Amino acid sequence: VLRTLDNKVITEGITATTATDNELSDEIKTYSYSIYATSHGQTGLAAKTNSVTAGKYLPLPYANDFSSADCLDGYTVLNLNNNGTYRTWNWNNYYKNLSSGWGEGDDWLITPQFALSKEKLYSIGYKVSGSGSLRTTVGKGATVEAQDEILNDLDKYSTKGEETHELYFHPSDNDLYNFGLYNYSIDGQWSIDSLRVNEIT
């Protein structure tokens, strides 16, 4: 059994119909395997498995241009006022970005996890357009309670077209962190594009 990501032999000479890969990285990666059958000293052609994604955190630098329907894989969307799937954060297949929908907002968009070091400075940046109230947060988890540090707060704000916002964060601990975008508009709408997270120093 060969892990195709790095051509590592996971196991060999087995007669069982299952094998376990115990050396997966904590960094999120996509894995597939090639399985070779052997008999009487001869090796057959590889049978390839489906791909599977596993891990705890995404690697840096990270960039998401939201260009495809799977762009929200690994994200957490919380529609706290429960006003329908089209009035919370969702993928806009026409503009190829994320849109929060018009109206009253109580909606969170929380990124997957990133492993950050207290020895370094990080940035989160994105393109934003719209109006209303939008807060950018960071915390150790994908829940409202965990998003406990505010990086930026656009309260009753309107963009002048599409604006690029760049925010900085210096972690207090070496840990796994998620970034959040919280739409708490009374009556508004937001669009987000080209979200990126980078290590600065």
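# Quick tour of a strand-rich predicted model

Let's start with the rings: Tyr62, Phe114, Phe169, Tyr177 and Phe179 come together as one aromatic cluster. Keep in mind that this is a predicted model. From that cluster, the tour moves to the largest nonpolar core, which has 28 residues, then to a buried glutamate in strand S17, and on to a few backbone oddities.

**The aromatic cluster**

- By the ring-pairing rule, the count of aromatic pairs comes to 8.
- One of them joins phenylalanine 169 and tyrosine 177, edge-to-face, with 5.4 Å between centres and 65° between the planes.
- Both partners in that pair, phenylalanine 169 and tyrosine 177, are buried.
- Phenylalanine 169 also pairs edge-to-face with phenylalanine 179, this time at 6.2 Å centre to centre and 85° between the planes.
- Since phenylalanine 169 sits in strand S17 and phenylalanine 179 in strand S18, this pair ties together parts that are 10 residues apart in sequence.
- Phenylalanine 169 has a relative accessibility of 3%, so it counts as buried.
- Phenylalanine 179 counts as buried too, at 2%.

**The nonpolar core**

- Trp89, Leu98, Tyr126, Phe179, Leu181, Ile192 and Leu195 are the members of the 28-residue core that touch the most other members.
- At least two core residues come from each of these strands: S14 (114-116), S15 (122-139), S16 (149-158), S17 (163-169), S18 (175-183) and S19 (189-199).
- S15 gives the largest share, with 6 residues.
- Leucine 98 reaches well beyond its sequence neighbours: leaving aside those within four places, its contacts are Phe66, Cys71, Leu72, Trp89, Asn90, Trp91, Leu109, Trp190, Ser191 and Ile192.

**Strand S17 and glutamate 163**

- In general, side chains in a regular strand alternate between the two faces of the sheet.
- S17 shows this nicely: Glu163, His165, Leu167 and Phe169 point to one face and are buried, while Thr164, Glu166 and Tyr168 point to the other face and are not.
- Glutamate 163 has a relative accessible area of 15%, so with the buried cut-off at under 20% it counts as buried.
- Its side chain makes a polar contact of 2.8 Å with the side chain of tyrosine 157.
- A second polar contact, at 2.9 Å, links the side chains of glutamate 163 and histidine 165.
- Outside the four nearest places in sequence, glutamate 163 is in contact with Tyr126, Lys127, Val128, Tyr157 and Ser158.
- For a sense of scale, glutamate 163 and threonine 20 are 143 residues apart in sequence and 47 Å apart in space, C-alpha to C-alpha.
- S17 runs antiparallel to S15, and 7 bridges join the two.
- Tyrosine 168 in S17 stands opposite serine 123.

**Glutamine 147, a buried loop residue**

- Glutamine 147 is in the loop between S15 and S16, and it is buried, with a relative accessible area of 6%.
- A polar atom of its side chain lies 3.4 Å from the backbone nitrogen of valine 138.
- Not counting residues up to four places away in sequence, glutamine 147 touches Trp108, Ile110, Thr137, Val138, Gly139, Gly141, Asn178, Phe179 and Gly180.

**A four-stranded open sheet**

- Here 4 strands pair antiparallel, in the order S2-S1-S4-S7.
- S2 (8-9) and S7 (47-48) stand at the edges with a single partner strand each, so one side of each has no neighbour in the sheet.
- S1 (residues 2-3) and S4 (residues 33-35) are antiparallel and joined by 2 bridges.
- Leucine 2 has serine 34 in S4 as its bridge partner.

**Backbone oddities and a charge over a ring**

- Most residues other than glycine have a negative phi, and most peptide bonds are trans.
- The peptide bond from leucine 60 to proline 61 is cis, with omega near 0°; proline 61 lies in the loop between S8 (52-54) and S9 (62-64).
- Histidine 40 has a positive phi, near 55°, and sits in the loop between S5 (38-39) and S6 (42-43).
- Histidine 40 is exposed, at 79% relative accessible area.
- Asparagine 82 has a positive phi as well, near 50°, in the loop between S10 (76-79) and S11 (90-92).
- Asparagine 82 counts as exposed, with 66% relative accessibility.
- Finally, the charged end of arginine 135 sits over the ring of tyrosine 184, 4.5 Å from the ring's centre.

Conventions
Residues are numbered from 1 along each chain as its sequence is written. This is a predicted model: local features need pLDDT of at least 70, side-chain atom pairs count only at pLDDT 80 or more; totals for chains, interfaces and linings use all residues. Side-chain values use heavy atoms; hydrogens and water are left out. A nonpolar core is a set of buried Ala, Val, Leu, Ile, Met, Phe, Trp, Tyr and Cys residues joined through side-chain atoms within 4.5 Å. Buried means under 20% relative accessible area, exposed over 50%, partly exposed in between (1.4 Å probe, protein chains only). Contact means heavy atoms within 4.5 Å. A polar contact is a pair of N or O atoms within 3.5 Å; within protein, one must be able to donate a hydrogen and the other to accept it, and residues adjacent in sequence count only if both atoms are side-chain atoms. Two strands pair if DSSP finds at least two bridges between them. Rings of Phe, Tyr and Trp (its six-membered ring) pair if their centres lie within 6.5 Å; planes under 30 degrees apart count as stacked, over 60 as edge-to-face and the rest as tilted. A charge sits over a ring if NZ of Lys or CZ of Arg is within 6 Å of the ring centre and within 35 degrees of the ring normal.
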